[in-house]
Amino acid sequence: MEKAVDVAVVGAGVAGLVAARDLARSGADVLVLEARDRVGGRLLNAELPGGAPIEVGGQWVGPTQRHARDLIRELGLRTYPTYADGEHIGEFRSTRVQYTGRIPQLSPLVLADIGQTQYRLDRIARQVAAAEPWRAPRAEELDRQTFGTWLHRTARTPGGRAFFRLITEAVFSNGPEDMSALWAAHYVGAAGGLDQLINVVGGAQQDRVLGGTQRIALELAEELGDRIVLDAPVTDIDWRPTAASGVRVTTRSGPTVRAQRAVVAVPPPLTARIRYTPGLPGDRDQLVQRMPMGRVIKVNIAYEEPFWRHAGLSGQANSTHRPFGTVLDNTPHDGSCGVLVGFLEGRHADTGSRMDPDERRTQVINDLAGYFGPEARDPIAYIERDWAEEEYSRGCYGAFAVPGALTRFGPALRRPVGPLHWAGTETARRWTGYIDGAAESGHRVAEEILPELS
């Protein structure tokens, strides 16, 4: 089967669906090709005992994430706050504390070190956010080093360095030694500062979508209807100009599509697994070779009730030494059960993925019992998702740039290649790596394409 349309969109995550909706609303004939048997990309709901939805992929929305919040409102969806009342648990090296607020009461020296390191990071991030990262002041200097090197030179105490390693794993799902310091500064700047990234109240984890965040994609798909083709992995894109059309998109098991323009809205490493004729420009190919995905195993653990709340705890816990280093209350809105959600991230996900499932579950439950006591040993459900095993994601939360990638090849991140346009949260100028960034990128490519359609 061969179909002719104005625009072919590769990928039915938020970025691809938003681009397709914008184009369709403007009168363009659009077809979305999705490799999976579902829409949503890195957004995915599962079910708790009793049937309530629970997010096993991306889930939170912050108050400054304008594109995501506008989209949620337009789709008729509602949000509710992440539970954050009570004391948080922090384990930092040999110290365990229960605290309220943003940062636990550690030693004055460590707190001062954390403060001065964050001040320097936020200052650099503001400079980077004011321009394309590769054009920013000190871009070359930052891009020559890993974020780990920058932290080692900036943070002066072992406690401060341990704190920022934990933050890096929680935010980027990789270690500070893995990525460019320029990418880290860009990411922080795109969010408006580190506090926006790590806070629950007032930050990126403030709100959840009633019914689970995959509903965003499902509602977008409902509007697009038969413009979406599932189970259609794209294998080849021929973008040689022809009399009939500018792009020919071939799928493994679905239609072949001819279009004037194509949007590729999949994670950067996966864009390189498509065969292009002719081959892409060297800068584009070199860039995506230097943008691997982060690695995370997300786990929801359900209980009969949120027992930690009765003890005056918020359900938030962090540890610099436990593999299950970040935990939050993920209890559904209907209160049908209590849920804690946590993550094995970066190197901990590497180790966890090599365990057999029972061994990994034991590790997670042991860490939860260490945080919250013996009641954590009696869950009614254990739901995990290893995103590195997802064929059409190959990791989460997003891709990141290694040293040298942005200053050498950064302009290729968003720049169209002939009739090909690039979308996805990694290409966003604001809230890179989040649902908001994905939505922004979808709007951007639609604006690029509409003037080019004949």
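Colleague: In β9, which residue is the bridge partner of P81?

Modeller: In this predicted model, P81 has D207 as its bridge partner in β9.

Colleague: What makes β6 and β9 (residues 207-209) a strand pair?

Modeller: The two are joined by 3 bridges and run antiparallel. Pairing requires at least two bridges, so with 3 bridges β6 and β9 count as paired.

Colleague: Why are β5 and β6 called edge strands?

Modeller: The open sheet has 3 strands in the order β5-β9-β6, with antiparallel pairing. β5 (60-61) and β6 (79-81) each have a single partner strand, so each has one side without a neighbour in the sheet.

Colleague: How do you know that β12 pairs with β11 and with β13?

Modeller: Strand β11 (residues 234-238) and β12 share 4 bridges in the antiparallel sense. Within that pairing, I237 is matched with V249 of β12. On β13 (residues 256-264), 4 bridges again lead to β12, and these strands also run antiparallel. There, V247 has A259 of β13 as its bridge partner. The requirement is at least two bridges, so β12 is paired with β11 and with β13. β12 and β13 also form a hairpin, with 4 residues between them.

Colleague: What makes β12 mostly covered?

Modeller: In β12 (residues 247-251), 4 of the 5 residues are buried. Buried here means under 20% relative accessible area.

Colleague: Why is E304 called exposed?

Modeller: Its relative accessible area is 62%. The cut-off for exposed is over 50%, so E304 is exposed. E304 lies in the loop between β15 (296-303) and α12 (307-310). Together with E305, E375 and D378, E304 forms a negative surface patch.

Colleague: How do you know that E74 and R21 form a salt bridge?

Modeller: Their side chains meet at 2.9 Å, N to O. The limit is 4 Å, so the contact between E74 and R21 qualifies. The pair links distant parts of the chain: E74 is in helix α2 (residues 66-74) and R21 in helix α1 (residues 14-25), 53 residues apart.

Colleague: Are E74 and R21 buried or exposed, or in between?

Modeller: E74 has a relative accessible area of 49%, and exposed needs over 50%, so E74 is called partly exposed. R21, at 2%, falls under 20% and is therefore buried.

Colleague: What makes R165 and E169 a salt bridge, and how are they placed in helix α6?

Modeller: The closest N and O atoms of R165 and E169 are 3.5 Å apart, which is within 4 Å, so the pair counts. They are 4 residues apart in helix α6 (residues 158-172), so about one helical turn separates them. R165 is partly exposed, with a relative accessible area of 24%. E169 is buried because its 6% is under 20%.

Colleague: Why is R444 called buried, and E448 partly exposed?

Modeller: R444 has 10% relative accessibility, under the 20% cut-off, so R444 is buried. E448 stands at 23%, between 20% and 50%, and is therefore partly exposed. Both lie in helix α16 (residues 435-449), 4 residues apart, about one turn of the helix. Their side chains meet in a salt bridge at 2.9 Å, N to O.

Colleague: What makes E34, R36, R385 and E390 one network?

Modeller: Salt bridges that share partners join these residues.

Colleague: How many salt bridges does the rule give?

Modeller: The count comes to 28 salt bridges.

Key:
Residues are numbered from 1 along each chain as its sequence is written. This is a predicted model: local features need pLDDT of at least 70, side-chain atom pairs count only at pLDDT 80 or more; totals for chains, interfaces and linings use all residues. Side-chain values use heavy atoms; hydrogens and water are left out. Buried means under 20% relative accessible area, exposed over 50%, partly exposed in between (1.4 Å probe, protein chains only). Patches are made of residues with over 30% relative accessible area and no salt bridge: like charges are joined within 9 Å, nonpolar side chains (Val, Leu, Ile, Met, Phe, Trp, Tyr) within 5 Å. Accessible areas come from the Shrake-Rupley method with a 1.4 Å probe; for residues, only the protein chains shown count as cover. Lys and Arg count as positive and Asp and Glu as negative; His and the chain ends are not counted. The place of a charge is taken as NZ of Lys, CZ of Arg, CG of Asp or CD of Glu.
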